[in-house]
Amino acid sequence: MLDDLRCVRYEKRGHVAYVTLDRPHVLNATDLRTHAELARVWDDFEADDDLWVGVLTGAGERSFSVGQDLKELAGRDERGTPPATFGSRGKPGWPRLTERFSLFKPLIARVNGYALGGGFELAMACDIVIAAEHAEFALTEARLGLVAGAGGVFRLTRQAPFRVAMGHLLTGRRMTAARAYELGLVNEVVPAHRLDACLDGWLEDVLSCAPLALRAAKEAATVSAGLPLERAFATRYVWEERRMVSRDAVEGPRAFVEKRPPKWTGT
């Protein structure tokens, strides 16, 4: 366990890692320290083979995250810090979650309020998104003279219809959780008091699957997303190569024949 985290809470419960942005007094805005701490957390999550799935959320009931800490950004600008563009290379916390393209363990975003700017970008970098009814999503950077440089420009145009995505990118307009669900950006929307029960249901279903099969499926889906179908079939997938020779690949069919729940080991 990482003991000196101040901006992030990191808990391991069974095979689940719970990562909580813990700055509720600023609606879980992410400053440089937060990013540095998150990098250590994601490194640990990825390296710990006993962790099969991660949950990302924000402290409190008002906000998942409102993105970049603008007071800190304004201070850096006053000190003459060079301007930044897409990505986090060379900055604290690199590679940030939005650029961890080889992190193939499944991630669930539990959105409990505002997911604005970088907060929305973090949610889009997860695989499953559940949201409370009062949640709001937006990429507001253009209204601040900024750009959604943590992948929002790229992910929103891939995850939502292009013209709809452009409408939000070019106005900074917010969307409700219900609208995000309609667009396929959110998997499920529930009343706030049912958010944890909803999360538990998703976790139960994810954990019923073999962990290597999950990583193989995520790797194949993300790596092949921009490939022609014929090339997708012919591409090498590292986690699929591990899955197909794993004990779990034998355990699943055996458990089915023996009419018992499978006992996954991740090996």
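In which kind of crossing does H4 pass H5, left-handed or right-handed? Let's look at that pair of helices before moving on to H2, keeping in mind that this is a predicted model.

Two packed helices are described by the angle between their axes and the distance between the axes. Here, helix H4 spans residues 152–159 and helix H5 spans residues 162–169; their axes come within 7 Å and cross at roughly 145 degrees. As for the question above, the crossing of H4 with H5 is right-handed. If you would like to pick out the residues involved, H4 brings Gly152, Val153, Leu156 and Thr157 to the contact, and H5 meets them with Phe162, Ala165, Met166, His168 and Leu169. Sorted by class, this contact holds 6 nonpolar and 3 polar residues, with no charged ones.

Now turn to helix H2, residues 70–78, where Leu73, Gly75 and Arg76 are buried. These residues lie on the same side of H2 because they cover an arc of only 160 degrees around the axis. Helix H1 (32–47) is included in what covers the buried residues of H2. On the face turned away from that buried side, you will find the exposed residues Lys71 and Glu78.

The two ends of H2 are worth a visit too. At the N-terminal end, Asp69 acts as a cap, with a side-chain oxygen 3.2 Å from the backbone nitrogen of Lys71. Lys71 is thus a residue to view twice: its backbone nitrogen takes part in this capping contact, and Lys71 is also exposed on the face away from the buried side. Just after H2 comes Gly80, which takes a positive phi of about 85 degrees.

Key:
Residues are numbered from 1 along each chain as its sequence is written. This is a predicted model: local features need pLDDT of at least 70, side-chain atom pairs count only at pLDDT 80 or more; totals for chains, interfaces and linings use all residues. Side-chain values use heavy atoms; hydrogens and water are left out. Axes are lines fitted to C-alpha atoms, for helices over the stretch in contact, and angles run from 0 to 180 degrees between N-to-C directions. Helices (H or I, at least four residues) and strands (E, at least two) are DSSP runs, numbered from the N terminus. A crossing is left-handed if the near helix is turned anticlockwise from the far one by less than a right angle, and right-handed if clockwise. Contact means heavy atoms within 4.5 Å. Ala, Val, Leu, Ile, Met, Phe, Trp, Tyr, Cys and Pro count as nonpolar, Asp, Glu, Lys and Arg as charged, and the others, Gly among them, as polar. Buried means under 20% relative accessible area, exposed over 50%, partly exposed in between (1.4 Å probe, protein chains only). The arc is that of the directions from the helix axis to the C-beta atoms. A polar contact is a pair of N or O atoms within 3.5 Å; within protein, one must be able to donate a hydrogen and the other to accept it, and residues adjacent in sequence count only if both atoms are side-chain atoms.
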